Amino acid sequence: MFNRRLFLFGVVALASTDALADPAPAKKSKAFKLDKRYLPQLVDFQLEQDIGTVVVDPKSRFLYLVETVGVARRYGIGVGKAGLAFKGHAMVGRKAEWPSWKPTANMIKRDPEKYLRYADGLPGGKSNPLGARALYLYRDGRDTLYRIHGTTEPWTIGKAVSNGCIRMVNDHVIDLYNRVPVGASVVVV
């Protein structure tokens, strides 16, 4: 049920009364509360994309799932640091619940002190940096090593801090995961 209109970035957005609730406070010195603009909401969407397409706009820090002509579900995201971001077209090649994680060779090379200890991987779970769900981005049938995934650091939503992946609040990535099938198109603008 929609009960109010929000005017964000020149876009009229309908805020849902049954939108996903804020995540539980993160384990930081201060209680964490996600900025309302990053909560899932339906918005006017004028880019010509097929229904079911995921569109990522790293500059604005939003991910859109095209729901109908002219309307998309918008989520707040965290994106890659400068020079580490994925661009272009891909597809969801696979999906995983509570995925395991292993840093890429480039991550270990860039910051061995931080990542070398995880070279053998980390099983899925609440302390895993991929969070609750992951959508694996493939191009030409090959894994790009980029993901749309949850995070253990929800306070990074709206920032450019990742190693290139697109991160979301765990509750939000679960919602997206349930709406997006394997084979869905992903466009990063």
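**Exercise 1. Describe the surroundings of aspartate 143, beginning with the side chain that it meets in a polar contact.**

Step 1. The side chains of aspartate 143 and arginine 147 are joined by a polar contact of 2.7 Å, a polar contact being a pair of N or O atoms within 3.5 Å, of which, within protein, one must be able to donate a hydrogen and the other to accept it, while residues adjacent in sequence count only if both atoms are side-chain atoms. The model is a predicted one, in which local features need pLDDT of at least 70 and side-chain atom pairs count only at pLDDT 80 or more, whereas totals for chains, interfaces and linings use all residues. Residues are numbered from 1 along each chain as its sequence is written, and side-chain values use heavy atoms, with hydrogens and water left out.

Step 2. A polar atom of the aspartate 143 side chain also lies 2.8 Å from the backbone nitrogen of leucine 145.

Step 3. Aspartate 143 is found in strand 10, where helices (H or I, at least four residues) and strands (E, at least two) are DSSP runs numbered from the N terminus. With a relative accessible area of 31%, aspartate 143 is partly exposed; buried means under 20% relative accessible area, exposed over 50%, and partly exposed in between, with a 1.4 Å probe and protein chains only.

Step 4. Not counting residues up to four places away in sequence, aspartate 143 touches Tyr136, Leu137 and Tyr138, contact meaning heavy atoms within 4.5 Å. The C-alpha atoms of aspartate 143 and methionine 91 are separated by 9.7 Å, although the two are 52 residues apart along the chain.

**Exercise 2. Locate the two residues, tryptophan 98 and aspartate 140, that have a positive phi, and state how accessible each of them is.**

Step 1. Most residues other than glycine have a negative phi.

Step 2. Tryptophan 98, which is not a glycine, has a positive phi of about 45°; its place is in the loop between strand 8 (88-97) and helix 1, and its relative accessible area of 36% makes it partly exposed.

Step 3. Aspartate 140, also not a glycine, has a positive phi of about 55° and lies in the loop between strand 9 (133-139) and strand 10. Aspartate 140 counts as exposed, because its relative accessibility is 75%.

**Exercise 3. Characterise the largest pocket by its volume, its lining and the elements that contribute to that lining.**

Step 1. The space in the largest pocket is about 900 Å³. On a 1 Å grid over the protein atoms alone, a pocket is an open set of points with protein on both sides within 12 Å along at least five of seven lines, a cavity is a set of points where a 1.4 Å probe fits but cannot get out, and lining residues have an atom within 4 Å of a point. Grid points are joined across faces, edges and corners, and a volume is the space filled by probe spheres set on the points.

Step 2. The lining holds 36 residues, of which Trp101, Met107, Tyr115, Pro129 and Asn163 are the closest to the centre of the pocket.

Step 3. Helix 1 (105-110), helix 2 (112-115), strand 10 and strand 11 each supply at least two lining residues, and strand 10 gives the most, with five.

Step 4. By class, the lining has 14 nonpolar, 13 polar and nine charged residues, where Ala, Val, Leu, Ile, Met, Phe, Trp, Tyr, Cys and Pro count as nonpolar, Asp, Glu, Lys and Arg as charged, and the others, Gly among them, as polar.

**Exercise 4. Describe the largest cavity and then the position of valine 189.**

Step 1. The structure holds one cavity of 30 Å³ or more, and about 50 Å³ of space lies in the largest cavity.

Step 2. Among the residues that line this cavity are Val56, Pro58, Phe86, Cys165 and Val188; by class, the lining has eight nonpolar, two polar and no charged residues.

Step 3. Valine 189 lies in the segment after strand 13 (185-188) and is exposed, with a relative accessible area of 52%. Leaving aside residues up to four places away in sequence, valine 189 touches Val55, Val56, Asp57 and Pro58. Valine 189 and lysine 59 are 8.6 Å apart in space, C-alpha to C-alpha, and 130 residues apart in sequence.
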